[in-house]
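Trainee: Please take one part of this model and go through it closely. I would like the surroundings of the second ligand, then how that part sits in the rest of the chain.

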Amino acid sequence: MSSMIAYCGINCSECPAYIATQTNDDNERKKVAEMWAKQYNPNLTAKDINCDGCITSSTKVFSWCNECPIRKCGKEKSVNNCAYCVEYAACDKLATFFKMAPKAKDTLDNIRKGKSR
Ligand code: SF4
Ligand code: SF4
């Protein structure tokens, strides 16, 4: 499975919904749905767990990520991910998100330093 970094810096390749989809594993879909139903949305079921990752050209993207304002913005600006955006350092959307996801910030910072892609 190849590596995919989302616009926001999340590593989609490590996301359980991505893994369940790419391996087409219905048992895993069920497990992820049960876990995320407890954490995020009680209405989620296994059929909701289908995602080809944030930067895919496929329409198969998990519902929350499909509505994500960072993803929408990155697509509009046609950047590979937010690390490539000229507004990166001053972006309010990212600043708010990074408080919840410091690892995503590290990933994008490293891309900007040329340490990874
Ligand atoms: S876009 Fe898909 S693979 Fe990436 S974090 Fe969201 S649900 Fe997971
Ligand atoms: S302004 Fe740039 S850094 Fe901010 S969300 Fe949009 S693409 Fe990402």
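**The shell around ligand 2**

Mentor: Start with C91, which sits in the loop between α4 and α5. The model is a predicted one, and that applies to everything below. C91 is among the residues that come nearest to ligand 2, together with C73, C82, C85 and E87. The shell they belong to has 13 residues.

Is C91 buried or exposed? Neither label fits: C91 has 16 C-beta neighbours inside 10 Å and therefore counts as partly exposed. Burial would take 20 or more such neighbours, and 12 or fewer would make a residue exposed. For a sense of distance along the chain, take N66, which is 25 residues from C91 in sequence; the two C-alpha atoms are 20 Å apart.

The helices on both sides of that loop take part in the shell as well. α4, residues 69-77, and α5, residues 92-100, each supply at least two residues. Of the contributions to the shell, that of α4 is the greatest, at four residues. By class, the shell of ligand 2 is made up of nine nonpolar, three charged and one polar residue.

Ligand 1 is a useful comparison. Its shell has 11 nonpolar residues and one polar residue, with no charged residue. The residues around ligand 1 are A6, I10, C12, C15, A17, Y18, C51, G53, C54, V61, F62 and C65. Within that list, C51 deserves a further look. Apart from neighbours within four places in sequence, C51 is in contact with A17, Y18, T21, K60, V61, F62 and C65.

The nonpolar core ties the two sites together in the description. The largest such core has 25 residues, and those with the most contacts inside it are A6, Y7, C8, A17, C51 and C82. The elements giving two or more residues to this core are α1, α2 (26-39) and α6, and α1 gives the most, with three. In that group of well-connected core residues, C82 is also one of those nearest to ligand 2, while A6, A17 and C51 also appear around ligand 1.

α1 covers residues 16-22, with Q22 in it. Q22 is partly exposed, because 16 other C-beta atoms lie within 10 Å of its own. Q22 and Y84 are 62 residues apart along the chain, and their C-alpha atoms are separated by 27 Å.

α6, residues 102-112, has A104, T107 and L108 buried. Seen down the axis of α6, the buried residues fall within an arc of 90°, so they line one face of the helix. An α-helix has 3.6 residues a turn, so residues three or four places apart point the same way. α5 is included in what covers the buried residues of α6, and α5 is also one of the helices that supply the shell of ligand 2. On the other side of α6, P102 and K103 are exposed. After α6 comes G114, with a positive phi near 80°.

As for the whole protein, the secondary structure comes to six helices and zero strands. Buried residues are 28% of the 117 residues. The radius of gyration is 14 Å, which agrees with the value near 13 Å for a compact globule, given 117 residues. The C-alpha trace spans about 40 × 25 × 25 Å along its principal axes. Of the contacts between residues at least 6 apart in sequence, 49% join residues at least 24 apart.

How values were computed:
Residues are numbered from 1 along each chain as its sequence is written. Chains are lettered from A and ligands numbered from 1 in the order in which they are written. This is a predicted model: local features need pLDDT of at least 70, side-chain atom pairs count only at pLDDT 80 or more; totals for chains, interfaces and linings use all residues. A residue is near a molecule or strand if its C-beta atom, placed from the backbone, lies within 6 Å of it. Ala, Val, Leu, Ile, Met, Phe, Trp, Tyr, Cys and Pro count as nonpolar, Asp, Glu, Lys and Arg as charged, and the others, Gly among them, as polar. The radius of gyration is taken over C-alpha atoms; the globule rule is 2.2 Å times the number of residues to the power 0.38. Two residues are in contact if their C-beta atoms, placed from the backbone, lie within 7 Å. The arc is that of the directions from the helix axis to the C-beta atoms. A nonpolar core is a set of buried Ala, Val, Leu, Ile, Met, Phe, Trp, Tyr and Cys residues joined through C-beta atoms within 7 Å.
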